[in-house]
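Colleague: Could you take me through the metal site in this one? I'd like a close look, with the cut-offs spelled out.

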Amino acid sequence: MLDILKYPDPRLKEKSVPVEVFDLELHTLLDDMATAMYHANGIGLAAPQVGKLLRLFIIDLGLQEGYTQRLYEFINPKIKHGAGSISFEEGCLSVPGVAETVKRKADIVVEYQDRHGKPQTMTTDGLLAVAIQHENDHLDGTLFVDRLSPLKRRLVQKKYKKVVSL
Ligand code: CO
């Protein structure tokens with residue numbers, strides 16, 4: 001089972017590099033990430049969260065009420081357009097015990113590649129758009145707590161230190 005890195009692990013702050021080879025090793029990583037994500041009851045997981053600095057993430061909203069299970073794989077994603085705004089209470093497997101409201105784009109277009117390297121385009125909104133933006137941030141070393149106001153972030157860090165020291 002892949003270990004999920006926890007904040008403040010410095011590897012979570014690094015920028016990931018594009019995937020260039022779409023081989024069995026990549027497919028194994030994607031499959032192992034799905035196993036780790038489901039095991040941890042998460043709805044999204046980015047490669048840097050398991051210590052692989054590659055531009056890819058997976059999402060399955062199935063654990064959220066009203067959503068059916070479907071595994072999405074995004075490799076080398078690029079968010080091309082964003083419009084409107086949506087506020088959602090986010091959490092992260094790398095920041096356990098913390099849930100805070102973050103403002104994101106409501107409607108997005110994302111270009112990416114599938115596990116075989118085939119280019120894809122998705123237009124989406126709602127929770128899937130939120131999750132894509134959250135996971136995409138991981139690829140640039142940004143956590144959702146980095147998107148909070150400085151005051152709010154300090155409060156969260158204080159609370160988090162108590163959680164992780166338990
Ligand atoms: Co996260």
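Modeller: Here is the metal site, followed by a short look at the aromatic rings. This is a predicted model, where local features need pLDDT of at least 70 and side-chain atom pairs count only at pLDDT 80 or more, while totals for chains, interfaces and linings use all residues. Residues are numbered from 1 along each chain as its sequence is written, and side-chain values use heavy atoms, leaving out hydrogens and water.

The cobalt ion has Cys92 (SG), His134 (NE2) and His138 (NE2) as its protein donors, 2.1 to 2.2 Å away. Donors here are N, O and S atoms within 2.8 Å of the metal (3.2 Å for Na, K and Ca), and since water is not among the atoms, sites may look incomplete. Along the chain the donors have the spacing C-x41-H-x3-H. Cysteine 92 sits in the loop between strand S4 (86–90) and strand S5 (100–104), and histidine 134 in helix H2 (residues 126–138), so the pair ties together parts 42 residues apart in sequence. Helices (H or I, at least four residues) and strands (E, at least two) are DSSP runs, numbered from the N terminus. Cysteine 92 counts as buried at 11% relative accessibility, and histidine 134 is buried too, at 5% relative accessible area. Buried means under 20% relative accessible area, exposed over 50%, and partly exposed in between (1.4 Å probe, protein chains only).

As for the rings, ring pairs link Phe57, Tyr72, Phe74 and Tyr112 into a cluster. Rings of Phe, Tyr and Trp (its six-membered ring) pair if their centres lie within 6.5 Å, with planes under 30 degrees apart counting as stacked, over 60 as edge-to-face and the rest as tilted.
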